[in-house]
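Open the model in your viewer and keep the sequence panel beside it. We will go from one selection to the next, with a short note on what is there at each stop.

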Amino acid sequence: MRPRAASLMGSTLAALLLATTTGVAHHAISAKFDDKKPTTLTGVVTLVDWRNPHVHVFMNVKDAKGTLNWAVEIESPIDLQQNGWNGDTLQPGDAIRVQGIVARNGSRQVWGNSIVLTATGRQVLKYTPIVPPQPLQARPTPRWADKQPRLGPAPGGVQGYWAYPSATVLMEAGTNIKMDAWGLLANVVDAPKVAPMQPWAQALYASRQNRFLQDDPTYLNCKPPGGPRQFQLPYGVQFVEDRERQRIFVLIGSGNSNFRIIHLDGRSHAGQVGGDDDNPLYYGRSVGKWDGDTLVVDTRGFNEDFWFTNGGLPHTEQLRLVERFSRPDFDTLKYDVTIEDMGAYTRPWSSGWTLRWAAGEELPRHLCQENRP
């Protein structure tokens, strides 16, 4: 039986439905484009494909061989809309100049670093990351009537979700290795320092790095971001606490409306080997309990069909995660994880980072299958 993952249609419990799903393809640019090969294109817009995971602008370019159509890939609609752009910013017939980098496979595709209207010189569809300002003072942790911390919105408060992770890569605590935001090492020789990998896992990790993360299943096949990766991606997570049924839904903005369930009713980790609705394998089976103000979650039962972190650190079906969630103040979620996988690592190891509360915003809806990269 093919493993299944649950899919979320909507942002509230009333809208939870079960469906076959895939994952996110908001991928490392270097997997597809070569930053050592810049280019400039001048031509006329023929189509704007305003869909996730990335917007594409198609343009006709004349050269010595005649007129050829090129695809210019840029950021996602979610990011561009945050910067005030929309699907009507560019229209067919607009003359543009594009500066970017070419596709590694030699196809007529570029990553657009800059798009300028040639008639006016105005740069359009420019993306600038938006990070909300830090609160002027720490606000107290919201709590339920029994004083247990709330991981979701405060009672009667505005909507929100957790985003803006302080780290988007996974490495053992205490190490300081240079990587980009998607986990691509500045120097592949640093691979052994990232985590205590077994020789085969280290070789596989180095191979993935040398291929610029082109083998990422989220990039190739929209596989879900299981494991710590769900807390590394740009569109955040939202906690929906169903206290009556003793469970927490973790809604994942960077997936295809994926969610995972953390069970707090003391059940075991048993589930169907091929996966079931409570144990889709991409997110494992999570059993949690509160230890004071910290939620401790033990997750097992993963498959090997996804990358559990940006950058491609390997894992096996022996992977076990012990995650700790705490909310020291209103605007901070602290995430700590211990990785146990004796199939890929020589010993358990740990890491951690924080996320910030995005108040007044709904969890983004990022659908990989709308428009493959």
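## A walk through the model

Start by selecting strand S12 (residues 294-300): seven bridges join S11 to this strand, and the two run antiparallel. Strands here are DSSP E runs of at least two residues, helices are H or I runs of at least four, and both are numbered from the N terminus. Two strands count as paired if DSSP finds at least two bridges between them.

Before moving on, a word on the ground rules. This is a predicted model, where local features need pLDDT of at least 70, side-chain atom pairs count only at pLDDT 80 or more, and totals for chains, interfaces and linings use all residues. Residues are numbered from 1 along each chain as its sequence is written, and side-chain values use heavy atoms, with hydrogens and water left out.

**The hairpin and its partner.** Within the S11 and S12 pairing, select Trp290, which stands opposite Leu295 in S12. Two residues lie between the strands of this hairpin, and Gly292 takes a positive phi near 65 degrees. Now add strand S10 (residues 259-263), which pairs with S11 (residues 285-291) in the parallel sense over two bridges. There, His263 stands opposite Val287 in S11.

**Aromatic rings.** Next, show the side chains of Phe, Tyr and Trp: the whole structure holds twelve aromatic pairs, meaning rings (the six-membered one for Trp) with centres within 6.5 Å, called stacked with planes under 30 degrees apart, edge-to-face over 60 and tilted for the rest. Why is the pair of Phe249 and Phe259 called tilted? Their ring centres are 5.5 Å apart and their planes are at 55 degrees, so the pair falls in that class. Phe249 belongs to strand S9 (residues 247-252) and Phe259 to strand S10, so the pair ties together parts that are ten residues apart in sequence. Phe249 is buried at 3% relative accessibility, where buried means under 20% relative accessible area, exposed over 50% and partly exposed in between (1.4 Å probe, protein chains only). Phe259 is buried too, at 5%.

Then select Phe231, Phe239, Phe325, Tyr335 and Trp353, which form one aromatic cluster. Add Arg327: its charged end sits over the ring of Phe330, 5.0 Å from the centre, using the rule that NZ of Lys or CZ of Arg is within 6 Å of the ring centre and within 35 degrees of the ring normal. Arg327 also lies over the face of Trp357, at 5.0 Å from the ring centre.

**Two cores.** The largest nonpolar core has 44 residues, and Val194, Phe231, Phe239, Leu313, Ile339 and Tyr345 touch the most other members. Such a core is a set of buried Ala, Val, Leu, Ile, Met, Phe, Trp, Tyr and Cys residues joined through side-chain atoms within 4.5 Å. A second, separate core of 22 residues includes Val45, Val55, Val102 and Leu117.

**Ser30.** Which residues is Ser30 in contact with, leaving aside neighbours within four places in sequence? They are Arg104, Leu184 and Phe212, with contact meaning heavy atoms within 4.5 Å. Ser30 lies in the segment before strand S1 (33-49) and is buried, with a relative accessible area of 15%. Its C-alpha atom is separated by 6.0 Å from that of Phe212, 182 residues apart along the chain.

**A last look.** Colour by pLDDT, the predictor's confidence in each residue from 0 to 100. The chain averages 88, but residues 1-25 stay under 50.
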